[in-house]
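Work through these exercises with the predicted model open. Each task is followed by a solution in steps.

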Amino acid sequence: MLTAIETKIPDQLLQQAQDMVNEGWMINIDTLIIEAVRRYVESHQQILTERFIREDIEWGLHGKD
Amino acid sequence: MAKTNTIVIADAGPIIHLDELDSLALLAGFEKVIIPETVCHEVQQHRPFALSHPKIKFIRQRADSFSAQVNALIPIYTLHSGEQEALHLCCEVSNSLLLTDDTAARLAAKSLNIAVHGTLGVLLRAIRQQLLSKSQVIDLLQSIPSQTTLHIRPSLLQEVIAEVIKMK
C-alpha cells in the first residue's frame, strides 16, 4: 500500500534528484524519494542513535582528549 | 588553549552543525582538522563559508590508499562518498578521531576500531576543555532545534542538558 504525502524540498536538492532521474539512475522521482527515506530509516535506528549520543555525553564531559 | 594531539577527520555533518551554531572555533583545540575532499564539496554546498573560518585551518586531503576493510563495509552500511573517504583517511592517519553525526558511519567506524564522536560530543567537550562555560554550552544545546539541521529527539536533548547542569 502506498500513501501520498505532500512536503517541501529545497529547489537545489530537488534539481539534483531530478538530474539523477534524468540520467537514468532511478525510474522516477517517487522511487528515488522512497529509496532515500528507506535508507535513512534503516541506517538511523533510534536505539543506536541514542546510544551514540550517550557516548558523546560521556566523552564530552569526562573523556581524556 | 592547550591542544590535544588528536587529529580530527571530519564528515560534513559536524562541520555544518557547528557552523550553524557559530561554534567551529571549538575544533581549534585539536592538533589538526582534516576534511576529506569529498566532504569539502558537500560542506561548501550547504555552508559556503564554513571552511574559511578565521580560527581554524582546515586541511583538505584526499585518501592516498583505500582500505579493503572500509570497502567491505560500504554496502553493508550504505555509506556515502564523504563518509567512505573519511573512513579511508582514518585508516591512514594514526591517532585520528572521526567526527560524524551519521549513525551508519559511526557503526562502520566502531567496527574498524576507529574513535568516533559527533557534534554533541564536541560541544560538551568544550566545558571540559574550558573553552566555554556550562551556561554557554546549555544555550548552544537549547538552540539546536531552531538553528541547526541536527536532528535529536527533544526529550533526549533535555537529558543532555540535564547532564550538563548536574556536572560538577
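**Exercise 1. Locate Thr78(B) and Asn113(B), and describe their backbone and surroundings.**

Step 1. Find Thr78(B). It sits in the loop that links α3 (68-77) to α4 (81-92) of chain B.

Step 2. Check the backbone. Thr78(B) is not a glycine, yet its phi is positive, about 45°.

Step 3. Count neighbours. There are 15 other C-beta atoms within 10 Å of Thr78(B). Buried needs 20 or more and exposed needs 12 or fewer. Thr78(B) is therefore partly exposed.

Step 4. Repeat for Asn113(B). This residue lies in the loop between α5 and β5 of chain B. Its phi is near 60°, again positive in a residue other than glycine.

Step 5. Classify Asn113(B). With 9 other C-beta atoms within 10 Å, Asn113(B) is exposed.

**Exercise 2. Describe how α1(B) is buried and what it packs against.**

Step 1. Count. Of the 9 residues of α1(B), 7 are buried, so the helix is mostly covered.

Step 2. Name them. The buried residues are Ala12(B), Gly13(B), Pro14(B), Ile15(B), Ile16(B), His17(B) and Leu18(B).

Step 3. List the partners. These buried residues pack against three strands and three helices of chain B, namely β1 (7-10), β2 (32-36), β4 (96-99), α2 (37-46), α4 and α6.

Step 4. Look past the helix end. Just after α1(B), Asp22(B) has a positive phi of about 55°.

**Exercise 3. Split chain B into domains and describe where they touch.**

Step 1. Set the bounds. Domain 1 of chain B covers 7-120, and domain 2 covers 132-166.

Step 2. Take the distance. The C-alpha centres of the two domains are 22 Å apart.

Step 3. Count the contact. Domain 1 of chain B brings 8 residues, and domain 2 of chain B brings 7.

Step 4. Assign the domain 1 side to elements. α1 (12-20) and α6 (119-128) of chain B each supply at least two of its residues. α1(B) gives the most, with 3 residues.

Step 5. Sort that side by class. It has 3 nonpolar, 3 polar and 2 charged residues.

**Exercise 4. Compare the radius of gyration of each chain with that of a globule.**

Step 1. Start with the elements of chain B. It has 8 helices and 5 strands. Their order from the N terminus is β-α-β-α-β-α-α-β-α-β-α-α-α.

Step 2. Test chain B. For 168 residues, a compact globule would have a radius of gyration near 15 Å; chain B has 16 Å, which agrees. Its C-alpha atoms fill a box of roughly 45 × 35 × 30 Å along the principal axes.

Step 3. Add burial and contact range. In chain B, 43% of the 168 residues are buried. Among its contacts between residues at least 6 apart in sequence, 68% join residues at least 24 apart.

Step 4. Turn to chain A. It has 3 helices and 0 strands, in the order α-α-α.

Step 5. Test chain A. Its radius of gyration is 18 Å, well over the 11 Å that the globule rule gives for 65 residues, so chain A is more spread out than a compact globule. The box along its principal axes is roughly 50 × 30 × 20 Å. Of its 65 residues, 9% count as buried.

**Exercise 5. Find which side of α3(A) is buried, and what covers it.**

Step 1. Check the helix length. α3 (residues 46-62) of chain A has 17 residues and should span 24 Å at 1.5 Å a residue. Its end C-alpha atoms are 24 Å apart, which agrees.

Step 2. List the buried residues of α3(A). They are Thr49(A), Phe52(A), Ile53(A), Asp56(A), Trp59(A) and Gly60(A).

Step 3. Place them around the axis. They cover an arc of only 125°, so they lie on the same side of α3(A).

Step 4. Inspect the other side. There, Ile47(A) and His62(A) are exposed.

Step 5. Identify the cover. It includes α5, β5 (115-117), α6 and α8 of chain B.

**Exercise 6. Describe the side of chain B that touches chain A.**

Step 1. Count both sides. 22 residues of chain B are in contact with 16 residues of chain A.

Step 2. Assign elements. In chain B, α5 (103-111), α6 and α8 (154-166) each give two or more residues. α6(B) gives the most, with 7 residues.

Step 3. Sort by class. This side of chain B has 11 nonpolar, 7 polar and 4 charged residues.

Terms used: Residues numbered from 1 in each chain as written. Chains lettered and ligands numbered in written order. Predicted model: local features only at pLDDT ≥ 70, side-chain atom pairs only at ≥ 80, totals over all residues. Domains from an automatic or database assignment. Contact = placed C-beta atoms within 7 Å. Helix = DSSP H or I, 4+ residues; strand = E, 2+ residues; numbered from the N terminus. Nonpolar A, V, L, I, M, F, W, Y, C, P; charged D, E, K, R; others polar. Expected span 1.5 Å × (residues − 1). Arc of directions from axis to C-beta. Rg over C-alpha atoms; globule rule 2.2 N^0.38 Å.
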